[in-house]
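User: I would like to learn how to read the pockets and contacts of a structure. Please show it to me first and then explain the terms as they come up.

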Amino acid sequence: MGWLDDKVALVVGGGSGIGRAVVDAFVAEGARVGVLERDPDRAAGLESYGDRVCPVVGDATRWEDNVRAVVATVTAFGGLDVLATFVGVFDFYTRLEEIPPERLLPACEEVFRTNVASYLLSTKAALPQLLRRPGSSVVFTVSTSGFYPGRGGVLYVASKFAVRGLVVQLAHELAPRVRVNGVAPGGTLGTSLRGLAALGLSGRSLADVPDREEELQRRTPLRVALRPEDHAAAYVYLASDRARGVTGTILHSDGGVGVRG
Ligand SMILES: NC(=O)c1ccc[n+]([C@@H]2O[C@H](COP(=O)([O-])OP(=O)(O)OC[C@H]3O[C@@H](n4cnc5c(N)ncnc54)[C@H](O)[C@@H]3O)[C@@H](O)[C@H]2O)c1
């Protein structure tokens with residue numbers, strides 16, 4: 001018996017990193033999974049799952065692409081119980097003082113369009129289907145940056161605080177029909193989160209940061225450098241019926257950053 005037997009999920013940004021680990025975990029727990037992914041090679045990499053995963057190439061910041069992913073998932077698997085979102089872009093700790101004035105508004109637009117508006121578009125597109133299934137839920141990806149300063153620059157931190165707002169307000173709006181929760185991963189190895197194009201950072205990726213493993217171990221009370229698969233069970237739990245009484249909550253999967261003191 002899997003925790004997600006008979007469930008259908010749509011994972012947005014599921015081709016790499018934490019989203020990819022969640023696709024793996026959802027399938028292992030019995031779910032059938034649609035994936036919306038912008039990178040065609042990463043989407044193609046999911047084809048090894050055969051008929052348990054339905055990849056769709058598209059951009060989660062576009063309404064039509066979200067609708068296409070929902071339609072493809074429902075056509076393949078007959079409905080939708082779970083939406084989980086992972087799309088993100090990073091500011092590589094850029095401080096306000098370092099952002100040229102002419103780049104500030106484009107940078108805000110890019111980070112909020114990607115990290116916040118895409119989550120709303122995905123939810124809006126999935127909602128008619130989620131409302132048809134009892135016990136349906138949404139799980140958003142927050143970050144330790146949604147709680148504390150310093151693990152991103154002001155744009156990224158503000159965008160992740162905004163995702164907390166989505167969790168709380170949508171949990172309120174959608175109860176009792178759809179549960180809405182979040183997972184807040186800490187710094188994670190083995191992902192390729194990209195930088196903001198508006199700040200000239202699109203060539204940078206977290207995968208290229210040197211000595212990241214040692215740095216993550218040093219600054220977490222549990223002395224762990226977490227990998228995408230370390231967060232996946234939190235998403236499985238929140239998506240499952242075992243969390244049927246849980247909404248408006250964010251699980252911290254971060255090595256204990258909140259008790260660092
Ligand atoms: N890596 C970390 O240390 C870390 C820590 C805390 C939170 N997070 C958050 O976790 C989430 C996943 O990050 P990751 O590190 O696994 O990144 P990742 O880049 O490895 O994975 C993100 C995936 O989303 C896809 N994607 C990006 N923009 C898209 C779009 N507009 N439409 C469709 N697909 C798109 C990418 O191609 C990629 O496959 C992000 O929201 C990030 O902010 C990451």
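Analyst: A polar contact is a pair of N or O atoms within 3.5 Å; within protein, one must be able to donate a hydrogen and the other to accept it, and residues adjacent in sequence count only if both atoms are side-chain atoms. Here an oxygen atom of the ligand is 3.3 Å from a polar backbone atom of Val-87. The model is predicted: local features need pLDDT of at least 70, side-chain atom pairs count only at pLDDT 80 or more, and totals for chains, interfaces and linings use all residues. Residues are numbered from 1 along each chain as its sequence is written, and side-chain values use heavy atoms, with hydrogens and water left out.

User: Which backbone N or O atoms lie 2.8 Å or 3.3 Å from an oxygen atom of the ligand?

Analyst: One belongs to Thr-188, at 2.8 Å. Another belongs to Leu-193, at 3.3 Å. Accessible areas come from the Shrake-Rupley method with a 1.4 Å probe; for residues, only the protein chains shown count as cover. The ligand taken alone exposes 820 Å², and the protein buries 97% of that.

User: Which residues around the ligand come nearest?

Analyst: A residue is near a molecule or strand if one of its heavy atoms lies within 4 Å of it. There are 30 residues around the ligand, of which Ser-16, Glu-37, Tyr-156, Thr-188 and Thr-191 come nearest. For classes, Ala, Val, Leu, Ile, Met, Phe, Trp, Tyr, Cys and Pro count as nonpolar, Asp, Glu, Lys and Arg as charged, and the others, Gly among them, as polar. The shell around the ligand has ten nonpolar, 14 polar and six charged residues.

User: How is empty space found, and what volume does the largest pocket have?

Analyst: Rolling a probe the size of a water molecule over the atoms shows where empty space is left. On a 1 Å grid over the protein atoms alone, a cavity is a set of points where a 1.4 Å probe fits but cannot get out, and a pocket is an open set with protein on both sides within 12 Å along at least five of seven lines; lining residues have an atom within 4 Å of a point. Grid points are joined across faces, edges and corners, and a volume is the space filled by probe spheres set on the points. The largest pocket has a volume of about 940 Å³. Of its 46 lining residues, Phe-86, Val-87, Gly-88, Val-89 and Leu-193 are the closest to its centre. That lining divides into 15 nonpolar, 19 polar and twelve charged residues.

User: What volume does the second largest pocket have, and which residues line it?

Analyst: Its volume is about 180 Å³. Among the residues lining the second largest pocket are Met-1, Trp-3, Asp-6, Pro-134 and Arg-242. By class, this lining has four nonpolar, two polar and six charged residues. Asp-6 also has a positive phi of about 70°, although it is not a glycine.

User: How many cavities of 30 Å³ or more does a search of the whole structure find?

Analyst: It finds one. About 40 Å³ of space lies in the largest cavity. Its lining includes Gly-186, Leu-216, Arg-219 and Asp-254, and divides into three nonpolar, three polar and two charged residues.
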